[in-house]
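This report goes through selected local features of one protein chain. Look at the sequence and the structure first, then read on.

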Amino acid sequence: MDDFRGIADRIALDIARGRLRAGQRLPPQRAFARRHGIAASTAGRVYAELVRRGLVVGEVGRGTFVRAAQAAPEGRALVEDGAARVNLELNYPSVPGQSELLAPALAPLLRPDALTAALRPGAADGTPHAREAAAGLLATGDWRPDPGRVLFTGNARQAIAATLGSLVRPGGRIGVEPLTYPLVKEITGRLGGTLVPVRTDEAGPVVESVLAAHRAAPLSALYLQPTLHNPTSVTVPAERRLQLARAVSDLGLPVVEDRIWSFLHRGPEPPLAALAPRLVHLVDGLSKRVAPGLTVGFAVVPEDRVAAVAAAVRSGGWSAGAFALEAAVRWIGDGTVARLVAAKREQAARRQGLVREVLDGFAVRGDPYGYFAWWELPEPWRADAFTAAAAARGIAVTPGTAFRVDPKRTPDAVRLGLASAAEPELVGALRTLAALAARGPRQPPADGPRQPPADGPPQPPADGQSSRPS
């Protein structure tokens with residue numbers, strides 16, 4: 001009898017050679033076992049091996065599907081570039097002339113005397129000049145943060161990790177939207193915590209659901225994206241923000257407010273940090289405003305938590321480099337950041353117009369000035385199958401499963417990142433995806449795909465529902 005790894009190897013070869021296509025549905029475990037004349041337990045081990053290798057993905061009641069060869073391993077979603085010809089997963093905006101705008105502020109730092117100082121390690125609280133510059137950059141409406149409460153990290157992701165790390169202990173519970181930033185899932189796992197989804201509606205998190213989650217067992221913190229929520233683009237209106245601020249104040253519940261995309265938004269809604277300054281830890285950064293390669297993250301924290309968050313920044317080795325911090329101060333001070341923000345708002349608005357034009361008739365949601373769109377796929381498409389089929393055509397998109405918190409609730413949607421691809425490539429990719437969505441997935445015959453005997457891995461176990469990155 002074949003060793004289960006040998007069977008898995010043959011299936012892997014069929015996938016690599018294209019005999020089993022990305023997005024193709026495969027027979028369930030029992031049919032697989034009968035076809036190969038093996039025990040159900042052996043078929044189950046083949047299952048587990050294929051899931052472990054990231055070759056197949058399955059969900060209870062839906063079946064098993066071949067994943068795309070380009071699919072990223074666990075933990076890489078939304079973080080690193082991949083091999084796709086058109087990447088609508090990575091989402092870093094760049095505008096024409098960006099490097100030319102950034103270069104002048106760097107030139108003075110390259111003098112030997114200035115470079116000596118700029119290459120020293122940075123401190124979590126930066127410099128007085130940096131704190132003033134950051135406070136001015138983050139100010140909005142009538143709110144301007146106290147510079148004494150500003151801390152610096154290498155990027156916004158590190159600011160999230162430091163603030164959550166200072167608040168959550170092993171076994172702690174973090175309230176989040178049902179669809180949340182994938183990195184927060186990773187951070188929570190490393191902290192030994194648990195994510196608790198709170199109900200949302202068209203206006204954002206529902207206050208009663210936050211209260212219910214906290215009553216069930218105290219939450220250590222609440223992580224929210226109230227402005228241009230990623231991936232749905234929802235912005236919480238002012239009245240709901242005020243209700244949330246009152247609720248967390250009554251509960252004494254700390255909040256991590258992620259405002260990484262807020263620079264694109266033109267509405268009057270105040271940050272939660274303005275409404276509950278004793279509890280809200282605001283995080284932001286320059287990577288989207290400026291560039292991902294030389295960036296700085298910001299954390300505006302409650303006055304009595306500056307020392308604790310600064311200690312978390314230092315223990316993680318996440319302090320911003322002095323060179324990056326000095327460059328950021330210069331870019332903020334000479335108006336470079338403001339000019340880049342204006343250009344990126346125009347670019348995002350133009351690209352949203354392309355999405356509306358090409359995907360007209362589909363259920364697509366996005367903010368008029370946002371850099372991503374949330375596409376609820378037409379039946380019978382499912383997110384992972386569509387993602388795999390798109391990848392087979394050289395287009396990377398992010399499946400809704402990457403953002404989900406409850407593994408039992410699978411959104412049949414994909415997020416389209418509009419920032420990284422050139423506009424001609426974006427238009428071509430959107431047209432390809434529109435045709436793919438309209439055509440629907442190709443289904444094999446009822447008795448399974450007609451393949452060599454080694455085809456058809458069994459359905460993954462119920463507790464291993466998706467191996468898409470998060």
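Thr163 is buried, with a relative accessible area of 0%. The model is a predicted one. Thr163 belongs to helix α7, which covers residues 156-167. The side chain of Thr163 comes to 3.0 Å from the backbone oxygen of Ile160. Which residues does Thr163 touch, leaving aside its neighbours within four places in sequence? They are Val256, His281, Val283, Ala299, Val301 and Val309.

**A sheet of four strands**

Strands of a sheet pair through backbone hydrogen bonds, and the pairing is either parallel or antiparallel. One open sheet in this model has 4 strands, in the order β14-β15-β18-β17, and its pairing is antiparallel. The edges are β14 (363-365) and β17 (398-399); each has a single partner strand, so one side of each has no neighbour in the sheet. β14 pairs with β15 (residues 372-376) in the antiparallel sense, over 3 bridges. In this pairing, Val364 is opposite Trp375 of β15.

**Aromatic rings**

The model has 8 aromatic pairs. In one of them, the ring centres of Phe362 and Trp375 are 5.2 Å apart and the planes are at 65 degrees; the pair is edge-to-face because an angle over 60 degrees counts as such. The two residues are 13 residues apart and lie in distant parts of the chain: Phe362 is in the loop between α14 (336-358) and β14, while Trp375 is in strand β15. Are these two residues buried or exposed? Phe362 has a relative accessibility of 24% and counts as partly exposed, whereas Trp375, at 0%, is buried.

Trp375 also forms an edge-to-face pair with Phe386, with 5.5 Å from centre to centre and 75 degrees between the planes. Trp375 is in strand β15 and Phe386 is in helix α15 (residues 383-392), so this pair ties together parts that are 11 residues apart in sequence. Trp375 and Phe386 are both buried.

Elsewhere, ring pairs link Trp261, Phe263, Tyr371 and Phe372 into a cluster. Rings also take part in contacts with charged side chains. The charged end of Arg266 sits over the ring of Tyr369, 4.3 Å from the ring centre. Lys288 lies over the face of Tyr92, and the distance to the ring centre is 3.9 Å.

**Salt bridges**

How many salt bridges are there? The count is 10. The table gives some of them.

| Residue pair | Closest N to O distance |
|---|---|
| Asp125 and Arg131 | 4.0 Å |
| Arg144 and Glu132 | 3.2 Å |
| Arg351 and Glu423 | 3.5 Å |

In the bridge between Asp125 and Arg131, Asp125 is partly exposed, with a relative accessible area of 36%. Arg131 has a relative accessible area of 17% and is buried, because the cut-off for buried is under 20%.

Arg144 and Glu132 also meet in a salt bridge. Arg144 is in the loop between α6 (128-138) and β5 (150-153), and Glu132 is in helix α6, so the pair ties together parts that are 12 residues apart in sequence. Both ends are partly exposed: Arg144 has a relative accessibility of 44%, and Glu132 has a relative accessible area of 42%.

The salt bridge of Arg351 with Glu423 connects two helices. Arg351 is in helix α14 and Glu423 in helix α16 (residues 423-439), so parts that are 72 residues apart in sequence are tied together. Arg351 is buried, with a relative accessible area of 4%. Salt bridges with shared partners join Arg350, Arg351 and Glu423 into one network.

**Backbone details**

Where is the cis peptide bond that has an omega of about 0 degrees? This bond joins Glu379 and Pro380. Pro380 is in the loop between β15 and α15.

Two residues other than glycine with a positive phi are Leu228, near 55 degrees, and Ser233, at about 75 degrees. Leu228 is found in the loop between β10 (221-224) and α10 (238-251). Ser233 also lies in the loop between β10 and α10. Leu228 is buried, with a relative accessible area of 2%, and Ser233 is buried at 7%.

Technical notes
Residues are numbered from 1 along each chain as its sequence is written. This is a predicted model: local features need pLDDT of at least 70, side-chain atom pairs count only at pLDDT 80 or more; totals for chains, interfaces and linings use all residues. Side-chain values use heavy atoms; hydrogens and water are left out. Two strands pair if DSSP finds at least two bridges between them. Rings of Phe, Tyr and Trp (its six-membered ring) pair if their centres lie within 6.5 Å; planes under 30 degrees apart count as stacked, over 60 as edge-to-face and the rest as tilted. Buried means under 20% relative accessible area, exposed over 50%, partly exposed in between (1.4 Å probe, protein chains only). A charge sits over a ring if NZ of Lys or CZ of Arg is within 6 Å of the ring centre and within 35 degrees of the ring normal. A salt bridge is a side-chain nitrogen of Lys or Arg within 4 Å of a carboxyl oxygen of Asp or Glu. A polar contact is a pair of N or O atoms within 3.5 Å; within protein, one must be able to donate a hydrogen and the other to accept it, and residues adjacent in sequence count only if both atoms are side-chain atoms. Contact means heavy atoms within 4.5 Å.
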